[in-house]
Amino acid sequence: MKKLTDEELMLDVSRGNLDAMAHIFERYNKRLYNFFYQMIKDKDVCEDMTQTVFYKVMRYRTSYKGGQFVSWIFKIARNVFSDQYQKSKKTLNNENLELIAHKNGESKEERNDDVAHLHNALNTLNSQDRELIVLNRFQGIKYDKIAEIVGSSEGAVKVKVHRIMKKLKTVYLETI
């Protein structure tokens, strides 16, 4: 089963082979948790949202008819996040931002300053823009899959991410 693609595993799950869900969980548990964790600080909420995604995957397994599984599961994750975000607005986590802001040869204090500046710059973005940056830059999801997730075209997503990065760079440099 480990050699099966995500799509093949999910089709098995949708046909009633619930044992295949364990493999999907192994492949996506950390990835989904990290997606949520990069969007908000609260570990407990991230764990709850990750569980909610897998609950919804199981509940709506018969609605999966093929296609890119990563897009399908991240659409669910996006909806779960959106529901949670409506309840309680949170900010990106500084620890994850440190990975972006880290520069060789900097002291810890300098890195912390960079993280704070980047954190402030990211907080100027609206939630949709921040989500695109997290999906693309933190999760490494390609533009075509992000387009499926957000219901847009690949070209539109590329342009949007490019513009957001330009805006983020400008805001970041203004706060230094």
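Phe35 is fully tucked away in this predicted model: its relative accessible area is 0%, so it counts as buried. Phe36, right next in number, also comes out at 0% and is buried too. The two rings pair up with each other, in a tilted arrangement. Below is a quick tour of the aromatic pairs, followed by a look at helix α3.

**Aromatic pairs**

- The model has eight aromatic pairs by the ring-centre rule.
- One of them joins Phe35 and Phe36, with 5.3 Å between ring centres and 55 degrees between the planes.
- Tyr64 and Trp72 make another pair, with centres 5.1 Å apart; their planes sit at 65 degrees, so this one is edge-to-face, the cut-off being over 60.
- Tyr64 is buried at 2% relative accessibility.
- Trp72 has a relative accessibility of 17%, which is under the 20% limit and therefore still buried.
- Tyr64 and Trp72 also belong to a cluster linked by ring pairs, together with Tyr28 and Phe69.

**Helix α3**

- Helix α3 covers residues 43–59, which makes 17 residues.
- From first C-alpha to last, α3 reaches 24 Å, close to the 24 Å expected at 1.5 Å a residue.
- Which residues of α3 are buried? They are Val45, Cys46, Met49, Thr50, Val53, Phe54 and Val57.
- As for the spacing in that list, an α-helix has 3.6 residues a turn, so residues three or four places apart point the same way.

How values were computed:
Residues are numbered from 1 along each chain as its sequence is written. This is a predicted model: local features need pLDDT of at least 70, side-chain atom pairs count only at pLDDT 80 or more; totals for chains, interfaces and linings use all residues. Side-chain values use heavy atoms; hydrogens and water are left out. Helices (H or I, at least four residues) and strands (E, at least two) are DSSP runs, numbered from the N terminus. The expected span of a helix is 1.5 Å times one less than its number of residues. Buried means under 20% relative accessible area, exposed over 50%, partly exposed in between (1.4 Å probe, protein chains only). Rings of Phe, Tyr and Trp (its six-membered ring) pair if their centres lie within 6.5 Å; planes under 30 degrees apart count as stacked, over 60 as edge-to-face and the rest as tilted.
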